[in-house]
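Me: I have a model open and want to learn how to read its ligand site and its internal space. Can you take me through them?

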Amino acid sequence: MSNPYELYYWPSIQGRGEFVRLALEEASVKYIDVARAHGKGLGTGAMMKLMDAGKVDHAPFAPPFLRAGKILVSQTANILLFIGDHYKLAPANEVGRLFVHGLQLTIADLVVEVHDTHHPISGNYYYEDQKPEAKKRADDFRRERIPKFLGYFEDVIKRNGGKYLTGARLTYADLSLFQIVAGLHYAFPKHMKRIAKNYSKIMQIHDLVAARPRIAEYLNSDRRLPFNEEGIFRHYPELDG
Ligand SMILES: N[C@@H](CCC(=O)N[C@@H](CS)C(=O)NCC(=O)O)C(=O)O
């Protein structure tokens, strides 16, 4: 592939784009973060243009999406399926490949629930206009949903031999699990400090991923945006506990 890949995602947040960035960085793929770049054919305008399904073939509904030569692929888990196949970040056999895709879709479900802790009514209203509902939702998320999701991933790791999610080899789902752990620690620091000990295998994956040379370099670079209160993982102290 001669042209670099083009990643399209909102320019000021990690968001769902981050799951894709981590895979591209680990695979050492050259890519342009189009909406964050300036110049002709770049920026958010270029991203919006590609989402015009009336005019564009294979137009995405929402970012993130990736252009790789003739391929325009949307939906985070679908993008990762593509990258995983091309850069050995997924098992080659069908059984393993579909399992990892399933893990990624489960992570996508979790991401929706994280978002709903601060926007339980609608993403179209400000957080300030849905604070009581957010408090209720976040309390339930911390009490019921975090243990259910993290307990599942912890059991998957143990069952597969205890290093990465599928055993000895890293997959894109491990990179995404790293991001989930980082994000949950950012959003719910008090709570995560208390419960991290129950998920030692997941925490180990977080540390293993963070220490991988390409990821460590990426995390220290200005390509890695900081978490903030516009993204999916937001730190509102009143939602922690
Ligand atoms: N299921 C999609 C969700 C994509 C999505 O919700 N993207 C957000 C940004 S993180 C967005 O811009 N949504 C616009 C909208 O839903 O109207 C995925 O996992 O990629």
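Reply: We start with the ligand and then turn to the cavity. Keep in mind that this is a predicted model.

Me: Which residues surround the ligand?

Reply: A residue belongs to the shell if one of its heavy atoms lies within 4 Å of the ligand. Here the shell holds Tyr9, Trp10, Arg16, Phe61, Ala62, Pro63, Pro64, Gln75 and Thr76. By class, six are nonpolar, two polar and one charged.

Me: Which polar side-chain atoms lie 2.6 Å or 2.8 Å from the ligand?

Reply: Look for N or O pairs within 3.5 Å. Gln75 places a polar side-chain atom 2.6 Å from a ligand nitrogen. In the side chain of Trp10, an N or O atom is 2.8 Å from a ligand oxygen.

Me: What does the backbone of Pro63 add?

Reply: A polar backbone atom of Pro63 is 2.8 Å from a nitrogen atom of the ligand.

Me: How much of the ligand does the protein bury?

Reply: Compare the ligand alone with the ligand in place. Alone, the ligand exposes 500 Å². The protein buries 63% of that area.

Me: Where does the ligand sit?

Reply: A pocket is open, whereas a probe cannot get out of a cavity. The ligand sits in the largest pocket.

Me: How many cavities of 30 Å³ or more does the whole structure have?

Reply: The search finds one. The largest cavity holds about 70 Å³ of space.

Me: What lines the largest cavity?

Reply: Its lining consists of Ile13, Gln14, Gly15, Gln179, Pro226, Phe227, Asn228, Gly231, Ile232 and Phe233. Five of these residues are nonpolar, five polar and none charged.

Terms used. Residues are numbered from 1 along each chain as its sequence is written. This is a predicted model: local features need pLDDT of at least 70, side-chain atom pairs count only at pLDDT 80 or more; totals for chains, interfaces and linings use all residues. Side-chain values use heavy atoms; hydrogens and water are left out. A polar contact is a pair of N or O atoms within 3.5 Å; within protein, one must be able to donate a hydrogen and the other to accept it, and residues adjacent in sequence count only if both atoms are side-chain atoms. Accessible areas come from the Shrake-Rupley method with a 1.4 Å probe; for residues, only the protein chains shown count as cover. On a 1 Å grid over the protein atoms alone, a cavity is a set of points where a 1.4 Å probe fits but cannot get out, and a pocket is an open set with protein on both sides within 12 Å along at least five of seven lines; lining residues have an atom within 4 Å of a point. A molecule sits in a cavity or pocket if more than half of its atoms lie within 2 Å of its grid points. Ala, Val, Leu, Ile, Met, Phe, Trp, Tyr, Cys and Pro count as nonpolar, Asp, Glu, Lys and Arg as charged, and the others, Gly among them, as polar. Grid points are joined across faces, edges and corners, and a volume is the space filled by probe spheres set on the points.
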